[in-house]
Amino acid sequence: MNSSSAAMRGGVSSSSAAMGGGSTSRESQAPGDQSNNNNVNMSRVAKLIAENAIVIVATRGCYMCLAVKCLLEALGVKPTLFDADEADKDTVLGELSMIDGGSDGGDPVELPAVYVGGMLLGGVEKVIETHIKGLLLPMLGQAGALWL
């Protein structure tokens, strides 16, 4: 990542399993324009989850987020990635909690949050657990994220 893209807020990297590669879209905001930042990120995150087979909502620079992305890519999936800046993390977590009503048992959503077919799968531990049990590949296939 170059220095100019590292300064951007709410970066979205999007690709599809049907494509040979992915496209990257980054949006930035003027430093003094904080008023609409929360509303823009909130609607974009919900829209990404609704419109894509697999979405990873991550914190920029998080190694566990990168590990989940690498696992999914190794399985042949090209996930859509929403990178939340540290400043936007609480806003994004708030929206995710509203979308999901919290995760299992009302626990708060944590990042990385992996959504498959519009539904919260979970974080790193849940993705790995689901993969070890042999349930992840069929789940990805049903969501249209993987061609089986």
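**Exercise 1.** Which elements do the buried residues of α5 pack against?

*Solution.* Let's start with the helix itself, keeping in mind that this is a predicted model.

Step 1: Helix α5 spans residues 124-132, and its buried residues are Val 124, Val 127 and Thr 130.

Step 2: Follow these buried residues to their partners. They pack against two helices and two strands: α3 (63-74) and α6 (136-143), together with β5 (113-116) and β6 (119-122).

**Exercise 2.** Explain why the buried residues of α5 line one face of the helix, and find residues on the other side.

*Solution.* Step 1: Recall the buried set, Val 124, Val 127 and Thr 130. Looking down the axis of α5, the buried residues fall within an arc of 140°, so one face of the helix is lined by them.

Step 2: A general rule helps here. An α-helix has 3.6 residues a turn, so residues three or four places apart point the same way.

Step 3: Now turn to the other side of α5, where Glu 125 and Ile 132 are exposed.

**Exercise 3.** Describe what follows α5, then place the helix in the whole chain.

*Solution.* Step 1: After α5 comes Gly 134, with a positive phi near 80°.

Step 2: Zoom out to the fold. The protein chain has six helices and six strands, arranged along the sequence as α-β-β-α-β-α-β-α-β-β-α-α.

Step 3: Check burial and contacts across the chain. Of its 148 residues, 37% are buried. Among contacts between residues at least 6 apart in sequence, 64% join residues at least 24 apart.

Step 4: Finish with the surface: the accessible area is about 7900 Å², and carbon and sulfur atoms account for 55% of it.

Conventions
Residues are numbered from 1 along each chain as its sequence is written. This is a predicted model: local features need pLDDT of at least 70, side-chain atom pairs count only at pLDDT 80 or more; totals for chains, interfaces and linings use all residues. Side-chain values use heavy atoms; hydrogens and water are left out. Helices (H or I, at least four residues) and strands (E, at least two) are DSSP runs, numbered from the N terminus. Buried means under 20% relative accessible area, exposed over 50%, partly exposed in between (1.4 Å probe, protein chains only). Contact means heavy atoms within 4.5 Å. Accessible areas come from the Shrake-Rupley method with a 1.4 Å probe; for residues, only the protein chains shown count as cover. The arc is that of the directions from the helix axis to the C-beta atoms.
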